[in-house]
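Visitor: I am new here. Please pick a single part for a close look, and then link it to other parts.

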Amino acid sequence: MFHESVIVCFVAIAALSSAAPPPPPSSSPSGEWWRDSFIYQVYPRSFKDSNGDGIGDLNGVTSKLDYFVDLNISAFWLSPIFKSPMVDFGYDISNFTAIDPIFGTTNDFKKLTTEAHARGLKVILDWVPNHSSDEHPWFEKSIKKIKPYDDYYVWKDAKIINGTRHPPNNWLSIFLGSAWEWNDKRQQYYLHQFAIKQPDLNFRNAALRKEMEDALVFWVKNGADGFRIDSIPYVYEDAQFRDEPIVPNSGKPADDPATLKHIYTIDQIETYQLVQAWRNAIDSLGGEKKILMTEAYTSLPNTVKYYEYGSNVPFNFMFVTGLNNHSTALDFKRSIDGWINNIPKGGNYIANWVVDNHDNPRVTTRFGSLRADQNSMLAAVLPGLGVIYNGDEIGMEGLQLSWKQTVDPQGCNAGPERYASLSRDGERTPFQWDTTTSAGFSTSNITWLPVNPNYKTLNLAAQKNVPKSHYGIFKKLVALKSSEIIKSGELQVILATDKVLGVVRRLPNTTPIVLLINFSNDAIQIDASAWMNIPSNMSVYTSSVSSNISLGAHLDTTSLKLNGASAVILA
Ligand code: NOJ
């Protein structure tokens, strides 16, 4: 984005002077256009509805491309838009190479990518390899044992104990309960690590592997600039199907996957090799570099291992699951240092910081509304790539839905007693554009999930021209991200006090960039200058909405007062 506009200016100047040198290359020398930028996650069902059916669609996204230009992000990734019965709202795919009519047509997708590319924006698709829908024709043929589909899924015989049928082992689904479902027709169990209607594909079968790779290549040829790879650790399982060990005293009900130590259902070495094979397949097509982002909620070593198997962005979920509103400045420092120090050396790999996504309570829920800007500020000042979720940029808040309103399979499976903490509906409510019908998301009053009633005051239109709003702050963060000091400056993560985290970026002969976050809810006065070796007088680049420090103010850093839960970036 930034580079595209540089080129436009350059070409204009070159046209005036025939002696001018040829234009510079379009992006970073390595061609990795995602470096030092923010990538924006669009949850298509909830972003913008163009046809008034209460569900967001591709034409809705296309109509908002200029919004992305205004935000200055490099790319957006779309949660799945493929043909699906929508049991898991698109993560249950019944045709890997077709667009679901709810979202539009293949032509709508072409229009989206063409218009995005014309604006210098990249389009990343969500690739869901672990499972298909049980309504995929492959599964229907697999049940009937039609070759080669008979082996496209993970089928196992029942274990018979005292004449009674039992699942083949103790594996549990992420959506609670046994990961095995009996199929009467085939007289076998099939594996589903997620919903019953999401049978796991069998990647030990070469024909299936080829089909999936072909589908990936299909989307690259149709305009995709890369993929976010869904639930990648689950793709292969132990070939011997051994029981997983039980976590002692987990305190969880027996159907909860947290009761098991997942050593046989995730992180198998073949999974990494598969990512490498996809990397090679995509790279062999040539053209501009394609991004691969891997979604793996696993240990830090197993997460960063994806770097060496072709993932550019092994999602770093520390702000999403590892830290919360009880975390201290020290917790943050340790987590940040841990990630930075574990990036494999010598591969030119970059860090990434996921602020939020559609599977976890919103940042405002996890950290509190006063801290709505804090993690985006960190993602901007720390080196590498930031990833935000639609709505973060305006500080959208989660909505607690009633049991009756719950549609998320994870929430529904949990039942009325347990759904509240497990349902993901709360973070998926429609984007709040303005104060019109359904917050400007749809012309319909009825939307697939209710609009958060706070849209009357919390919406993009109300923030668009307000520098000290979540939106105003986020725009400054995106601009900062591509500055030289953030791209290549030295990094220091410092405990300015036990309650105040400091992040400093330095380049020789340049004023440093300094982020300070007060982790206490009370005001704190500090001498940041002496402790962090920063100039005694600095100006405010931006400050959180919760901060009473004004933008552009000049501050004496020898005696800096930060009000509770506030954050400030000095330059
Ligand atoms: C991870 C996705 O982000 C989530 O929404 C989905 O339910 C599971 N994978 C299963 O595909």
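Guide: Start with a definition: two strands pair if DSSP finds at least two bridges between them. Strands themselves are DSSP runs (E, at least two residues), helices are runs of H or I with at least four residues, and both are numbered from the N terminus. This is a predicted model, in which local features need pLDDT of at least 70 and side-chain atom pairs count only at pLDDT 80 or more, while totals for chains, interfaces and linings use all residues. Residues are numbered from 1 along each chain as its sequence is written, and side-chain values use heavy atoms, with hydrogens and water left out.

Now to the part itself. Our close look is at strand β15, which spans residues 385-389. β15 belongs to an open sheet of eight strands with parallel pairing. Read across, the order is β13-β12-β11-β5-β2-β1-β15-β14. The edge strands are β13 (313-314) and β14, and each pairs on one side only.

So who sits beside β15? Strand β1 is one neighbour in that order, and β14 is the other. β1 covers residues 38-42 and pairs with β15 in the parallel sense, over four bridges. Gln 41 has Tyr 389 of β15 as its bridge partner. β14 covers residues 352-354. Three bridges join β14 to β15, and these two strands also run parallel. Here Asn 352 has Leu 385 of β15 as its bridge partner.

Next, look at how covered the strand is. Five of the five residues of β15 are buried, where buried means under 20% relative accessible area, exposed means over 50%, and partly exposed lies in between (1.4 Å probe, protein chains only). In a regular strand the side chains alternate between the two faces of the sheet. In β15, Leu 385, Val 387 and Tyr 389 point one way. Gly 386 and Ile 388 point the other way. Both groups are buried.

Follow the sheet further along. Strand β2 (residues 75-78) and strand β5 (residues 122-127) run parallel, joined by four bridges. Ala 75 of this pair has Lys 122 in β5 as its bridge partner.

Go back to Val 387, which helps to line the second largest cavity. A cavity is a set of points on a 1 Å grid, laid over the protein atoms alone, where a 1.4 Å probe fits but cannot get out; lining residues have an atom within 4 Å of a point. Grid points are joined across faces, edges and corners, and a volume is the space filled by probe spheres set on the points. The second largest cavity has a volume of about 30 Å³. Gln 41, met above as a bridge partner, also lines the second largest cavity. The rest of this lining is Trp 77, Phe 315, Phe 317, Val 354, Asp 356 and Asn 357. By class, the lining has five nonpolar residues, two polar and one charged. In this scheme Ala, Val, Leu, Ile, Met, Phe, Trp, Tyr, Cys and Pro are nonpolar, Asp, Glu, Lys and Arg are charged, and the others, Gly among them, are polar.

The structure holds two cavities of 30 Å³ or more. The largest has about 50 Å³ of space. Among the residues that line the largest cavity are Ala 372, Asp 392, His 470 and Phe 474. Helix α15 (residues 470-481) gives the most to this lining, with four residues. The classes here are four nonpolar, two polar and three charged.

Now the charged contacts. A salt bridge is a side-chain nitrogen of Lys or Arg within 4 Å of a carboxyl oxygen of Asp or Glu. The whole structure has 26 of them. In one, Arg 424 meets Asp 88 at 3.2 Å, N to O. Arg 424 lies in the loop between α13 (409-422) and α14 (460-463), and Asp 88 in the loop between β3 (82-83) and β4 (95-99), so the pair ties together parts that are 336 residues apart in sequence. Arg 424 counts as buried, at 7% relative accessibility. Asp 88 is buried too, at 5%. Both belong to a network of salt bridges that also links Asp 359, Asp 408 and Arg 428.

Another salt bridge joins Asp 230 and Arg 228, at 2.7 Å, N to O. Both of these residues are buried.

Methods
On a 1 Å grid over the protein atoms alone, a cavity is a set of points where a 1.4 Å probe fits but cannot get out, and a pocket is an open set with protein on both sides within 12 Å along at least five of seven lines; lining residues have an atom within 4 Å of a point.
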